4 protein chains.
Amino acid sequence: MDIKDNMSVLELVEQMGKSGVLGAGRMYRATKLLADVIQDEDTAVFLSIAGPLVPGGLRKIVRDMINDGLVDVMFTSGANLTHDLLMAFGGDHYRGIHDNDEKLCEQGMGRIADLYTKSEDFEVFEKEITEILSKISQKEKNLTIREFITALGNSVDDESSILYTAAKKGVPIYAPGMIDSMLGLQLFMFTQDHEFCLDASGDMHELSDKVFESKKVATVILGGGLPKHYALASNLLKGGVDAAIQVTMDRGETGSLSGAPLEEAKSWAKAKAGSKLVTVVGDATIIFPIMVAGAREMISKSD
Amino acid sequence: MDIKDNMSVLELVEQMGKSGVLGAGRMYRATKLLADVIQDEDTAVFLSIAGPLVPGGLRKIVRDMINDGLVDVMFTSGANLTHDLLMAFGGDHYRGIHDNDEKLCEQGMGRIADLYTKSEDFEVFEKEITEILSKISQKEKNLTIREFITALGNSVDDESSILYTAAKKGVPIYAPGMIDSMLGLQLFMFTQDHEFCLDASGDMHELSDKVFESKKVATVILGGGLPKHYALASNLLKGGVDAAIQVTMDRGETGSLSGAPLEEAKSWAKAKAGSKLVTVVGDATIIFPIMVAGAREMISKSD
Amino acid sequence: MDIKDNMSVLELVEQMGKSGVLGAGRMYRATKLLADVIQDEDTAVFLSIAGPLVPGGLRKIVRDMINDGLVDVMFTSGANLTHDLLMAFGGDHYRGIHDNDEKLCEQGMGRIADLYTKSEDFEVFEKEITEILSKISQKEKNLTIREFITALGNSVDDESSILYTAAKKGVPIYAPGMIDSMLGLQLFMFTQDHEFCLDASGDMHELSDKVFESKKVATVILGGGLPKHYALASNLLKGGVDAAIQVTMDRGETGSLSGAPLEEAKSWAKAKAGSKLVTVVGDATIIFPIMVAGAREMISKSD
Amino acid sequence: MDIKDNMSVLELVEQMGKSGVLGAGRMYRATKLLADVIQDEDTAVFLSIAGPLVPGGLRKIVRDMINDGLVDVMFTSGANLTHDLLMAFGGDHYRGIHDNDEKLCEQGMGRIADLYTKSEDFEVFEKEITEILSKISQKEKNLTIREFITALGNSVDDESSILYTAAKKGVPIYAPGMIDSMLGLQLFMFTQDHEFCLDASGDMHELSDKVFESKKVATVILGGGLPKHYALASNLLKGGVDAAIQVTMDRGETGSLSGAPLEEAKSWAKAKAGSKLVTVVGDATIIFPIMVAGAREMISKSD
C-alpha cells in the first residue's frame, strides 16, 4: 500500500485492494461490492443495523443513504429507533464522562461503552412519544410493526431523522424485536390504558412481497442479532440473497448467528449458491464510514 | 492450582478459586454465585439463553435445572424453541459432516458452525407444529408469546423437552423475538389462513409482576441478544437485578449489548448498586456445564 | 450433556464429548488427544506456555506434569521464568487490588489484568538472581539459553518451582525470547561488569536433536507468541509434528501466528499431513486445568 | 458523521472525531496523536510491528515513514525481516489460492490466513542470505542483533526494502526474537560451519542510550508479542513512554501482553503517569493505513 498526501478515501481503499489480503483485502472487496449492488438497478439493498450505531455516530450516514435512494429496505433494533427519536426530540448522546456506573446511575446517565445518555432526554422522549402514540392510536388501532414505525416517522419533524427520512422516501423499516426497547416499553405502558395493538407477525407478508418483487437482493449487515437474522431469513423462500456484506467483531466458533460466517447462510438457502459474500472483521463505526465513502466515490466516478 | 487424580468438578473449580485470577478466578466466582442464588430462597433465578445452546448440547442441563426447581423464569430465542421442538418430534442435530455450504444446501443440511440439521427433520417439525397450532387455535384465538410457548409445552410429549418440562413445572419462558425463527415462520404461515393472534407486548405485564413478586432477582445470561436485554430490562422498574452472571465471547468495545460488561447495567438501573456481577469470557458449551456441575455439588454438600 | 451430582472432571468432559459440537466437542477432543499423546511411549510431548500462566495459577500443574514425566520438552517466555523464580525466592502474586494504574505504580504494584506483583518481591528477585548469576558465571562463561535455564533450576531450592523440577528431571526448557523480561534485564545488567555470554542460536542444534530422536512429537500450545512458533518450527526439518493441541483467545483473521489455526502449520510442514490437530478457543487458566484433570483421569483409568 | 463525495481520508477521520465515541472516536484520537508525536521535535517515535504486516501490505507504508524521517526506532519480528528480504531478493506474496493446507504443502506454498508464500522464493532467499552472511562474517565475527540487521540492510539493493531504507537513514531496527524465524534458521545453519556470533543482550545498552537521549518517547504498536514488550520495556528505566498508540485484535482478559490495555503499562512504569494512550481495536492492515494517511494530511496542512 502506498500512502500519498491528501488521498481520497477511495484512493486509500484501492491501495488496500492492491494488497488484497487480510483485513485490507476484505475492506476493498466489501467497498467494491457495496458500490456494485447500489449501482445495479436490479438489486434491492437491505441494510441491517444492530448495536448502538445511531448513538455511535452513523445516524447521518444511514439517513443520507436512505435519502439518496441507496437503501431499499432497512432492519434494525428497537434501541436504534429509540435513539433516533430521542435525537429528533432534541436529545443527544454524550461522551467524556468518567464516573463509575453506580454514580452514573445516581446522575441519571446511562452508559453504552464510552457513550452516555441522559435521563432528562429520556423524559422528553417519554412525553413526546406518548403524544405521538395518542395521535397514531386515534387513527389506527391495529398496525404491524413496520406500519407503526412509518407512522412514527411521519410524526416527527426532523430532517436528520432516519425514521422521518425513511417514511418520506417510502423505505420500510422492520424491527422484529422492537418491543424490547425503551420505545417498546413506552408502547406497552400506553397500551395498558389505550386500545392499540401491534401485530408481531404481520410484517412477514409485506416483507416477503418485497423480496419476491426484487430481481436480486443484497444485504448489508452491521452487527448481528435479530436484524441480521431477519434480513437474511426473509430471503429464504426465494432461495437466498444474491450478495451480502457483513461487518462484525463477534467470532464464529460459538455458533451464535451474530458471529457466523456468511457462508453458513448458503447451507440454509439464505444466500444463493454463487452469491458474493464479504465479511469485514472490525468496528462498524470505523469500517462502515470508510466503506460508504469509498463506494460513493466509486459510484460518482463511474457516472 | 493442584490437579489430583479423579477430582470432582467442584474440587477443580475450588482450585480455580484458590488461584483467583484471570479466567480461573471468574470461573470460580461465577460458580459460587450460581450456587448462592439458587440456594437463596428469596432470589428468583432468571435464565437467559441465546445462541445455539439447545442444539449445542445444553438441552438436558437446562431441562434438568427447570425440573429440579433451580430456574424460576427463562428467556430464549425462537431458534432454541425450534430446536427443542424439533428434538421432541424425533429430530436431531448432526456432526462430522465436511461438505461445503453449497453442497450442504443441496443435501438439505443447515450448518451452525460444526453442527448440522437435516431438512427432513424440519419437514417433520413443520407437519407436527401445524397440527399443534390447529389444536391450540381451536381453544384460543389470542395468546401472549409466553402463553403460546406454554401451550406448545403442553402439546408435546417428551420429558427431555425444555418446553414440556417448563410447562409442567410452571416456569414461564419469554421469547420476545420468537417470530424471527422457523417456529415463527410456521406460525406466520398458519395465520395466513387461520384466525390466531400473538400479542407482542402482552407478556410485559406478567413479567413485570414476576419481578415485583420476587424479593430478589439473579439473572444467569448465556450469550447476548434480545434474551439478555429482556432479562435485565424487565428488572428496570424495580431498580435492577441483585446479582448477574454472564458467559459470553463477544467483546465490549463496539458497544453492542451482547458483549457489554455487566457493570454497564448499573448505570441503567438494570442492576442494583452493590449487586454481585460476574462475567466469564468463554464458550457457554464449556463454561456452563462446569458452572452447573460445580454449583450443584456445592449445594449438595451444603445440605 | 447430563450433569449428575459429584461428577468427576472426566465424567463431565465425556458428556462434552457426547455432545461433540462447538466448544464442548473441542474440549473433549483436546482432552482425549492429550491423554493419548501422554500415553503413547513413542510420542514426545512439547509444552509451550505464553502469557502470564505461571502467575495465573498454572505453576503447580505444569511443575507436576514435568515431575510425573508427562512433558518432555518445554517452551516459554522470559516472563514465566521470572515469575517462577520470583516465587522460588519467596515472592507471590496478589489480587483484589482496585487502584488505578498510576496509583499502583506509586505503590510499587505492577498489574497484569486482575493480578498484581509487588516491587519488593522484585527487589528480592534482583538480589537473589544476581548472586545466582555470580555463581553460574564463576563456573561457565558461555552458555546457551537452555543451559542457562537449567543452571538457574539447579540454583534454586524450591520443589514447587518449574525450573527446579525441570532441571532435576532433565526436561529442557527453551525460551528464545528470554532476554526480553525482568530476568533478561538482570542478566544484561550483570554482563555490564561481568564476563558472561548467552548464545542466542546455540539451542537450535540441541533442540533439533531432540526432535530427531523422538519417533513422534505432539505440541501442547497455551497462548501464542515466540514459544508457539519455536515449538512448531523446531519440527520443520522433520516434516512437522504428529499432533497438536492449542488453547487460545486470539483470532485468526489478522494473520498473526498467535491466533492462527493449527491447520496452517500443515502448509509450512510444521505439522504433518494427517496429524491430529485440536484448537480450543478459551482462557487457558480455565481450559488447561480441565484438560489436564480429564486426561490424567483417563490415563489412570486405562492403566 | 457526514460522508461527502470525494472526501479525503483526513476529512473522514475528522468526522469520526466529531462523533468521538466507540471505534470511530479511538480512530480519530489515534490519528491525531500520531500526527502530534511526529510533529513534536522532542518526541522520538518508536514503531513496533508484529504479525505478518510486511507480507500483509504495510511494507511500503513503513518504508516511506522511515524514509521521510517519521520513525526514529523500529522493533519487529524475525518473520517481518525475512519477508522484507524475500521481497528484496525478488520474491513475493500471493493470494487467491484455495487448496487445503496439505495440498498447499505439496505445492510448496506456505499459508498465513489468506496470503501465501512460495518455497521457490524461500530457496532464492536461502541462496542470497547465505552469500550475504558470508560477506558480513568476513568483516565481523561478533555483532549485536541490531548491528546484524543494519548489515543486512546495507547488503541488499532495493529501495523498497525496510531494511535497506532503515540502514540508509540510520534508523535502528531491534528484533529480540529474530532467531525464531526463517532468517534465524539460515543464520543458525550458517554458524554451524562458520565462526559468527550474535549477541542476544548486546542491543540493550544501545537502545537504553536511545531512550535516554530522547526528550520524550512515543511508541506506535501494531500487534503484540516481543516487539510490543521490548518497545515499552526499554523505556522502563526512564519512567516510561510519554505517549503510546496500539492497534490490536487481541483481548485483555487472559492477561497476555499482546491484548493488554496500554493503561497497564503505567503500573509498571513503562508508560508515564499522565501519558497519552490510545488503543484502536481492529485489523492493523485497515487501521494503520487510515491512521498514517490521516496523520500525514494533518501534518501537511499544519505546515
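**Stop 1: chains A and D**

Select chain A and chain D: together they bury about 3800 Å², 64% of it on carbon and sulfur atoms. Buried area here is the accessible area (1.4 Å probe) that two parts lose on being put together, summed over both. On the chain A side, pick out M1(A), I3(A) and L22(A), which lose the most area to chain D, together 18% of what that side buries. This is a predicted model, where local features need pLDDT of at least 70 and side-chain atom pairs count only at pLDDT 80 or more, while totals for chains, interfaces and linings use all residues. Residues are numbered from 1 along each chain as its sequence is written, chains are lettered from A and ligands numbered from 1 in the order in which they are written, and side-chain values use heavy atoms, with hydrogens and water left out.

Now colour the contact residues (heavy atoms within 4.5 Å). You should get 48 residues from chain A and 48 residues from chain D.

Next, show side chains and go to K60(A) and D2(D). They form a salt bridge with N to O at 3.8 Å; the rule is a side-chain nitrogen of Lys or Arg within 4 Å of a carboxyl oxygen of Asp or Glu. Two salt bridges turn up across the interface of chain A and chain D. Polar contacts add another layer, with 20 residue pairs between chain A and chain D, both residues at pLDDT 80 or more. A polar contact is a pair of N or O atoms within 3.5 Å; within protein, one must be able to donate a hydrogen and the other to accept it, and residues adjacent in sequence count only if both atoms are side-chain atoms.

Which elements give two or more residues to the side of chain A that touches chain D? Highlight α1 (9-19), α2 (22-39), α3 (54-67), β10 (271-281) and α13 (284-302) of chain A. α13(A) gives the most, with 11 residues. These labels are DSSP runs numbered from the N terminus: helices (H or I, at least four residues) and strands (E, at least two). By residue class, the side of chain A that touches chain D splits into 26 nonpolar, 10 polar and 12 charged. The nonpolar class is Ala, Val, Leu, Ile, Met, Phe, Trp, Tyr, Cys and Pro, the charged one is Asp, Glu, Lys and Arg, and the others, Gly among them, count as polar.

For the symmetry, lay chain A on chain D: a rotation of 180° with 0.0 Å of shift along its axis does it, at RMSD 0.0 Å. In chain A, the C-alpha nearest that axis belongs to S8(A), 1.9 Å from it. The superposition is by least squares on the C-alpha atoms of residues with pLDDT of at least 70 in both copies. 100% of the interface residues of chain A are also interface residues in chain D, so the copies meet through the same surface.

**Stop 2: chains A and B**

Swap chain D for chain B. Chain A and chain B bury about 4500 Å² between them, 66% of it on carbon and sulfur atoms, and 50 residues of chain A are in contact with 50 residues of chain B.

How many salt bridges cross here between chain A and chain B? The rule finds four. One to zoom in on joins E264(A) to R111(B), with the closest N and O atoms 3.9 Å apart. There are also 14 residue pairs in polar contact between chain A and chain B. α9(A) gives the most to the side of chain A that touches chain B, with six residues. That side divides into 23 nonpolar, 17 polar and 10 charged residues.

**Stop 3: a hairpin in chain A**

Select residues 109-118 of chain A. Strands β3 (residues 109-112) and β4 (residues 115-118) pair in the antiparallel sense over four bridges; pairing takes at least two DSSP bridges. M109(A) stands opposite K118(A). The two strands form a hairpin with two residues between them, and A113(A) in the turn has a positive phi of about 55°.

**Stop 4: the sheet in chain D**

Finish in chain D, with a six-strand open sheet in the order β6-β2-β1-β8-β9-β10, paired parallel. β6 (173-174) and β10 (271-281) of chain D are at the edges with a single partner strand each, so one side of each is left without a neighbour in the sheet. Inside it, five bridges join β8 (residues 216-222) to β9 (residues 241-248) of chain D, and I221(D) stands opposite Q246(D).
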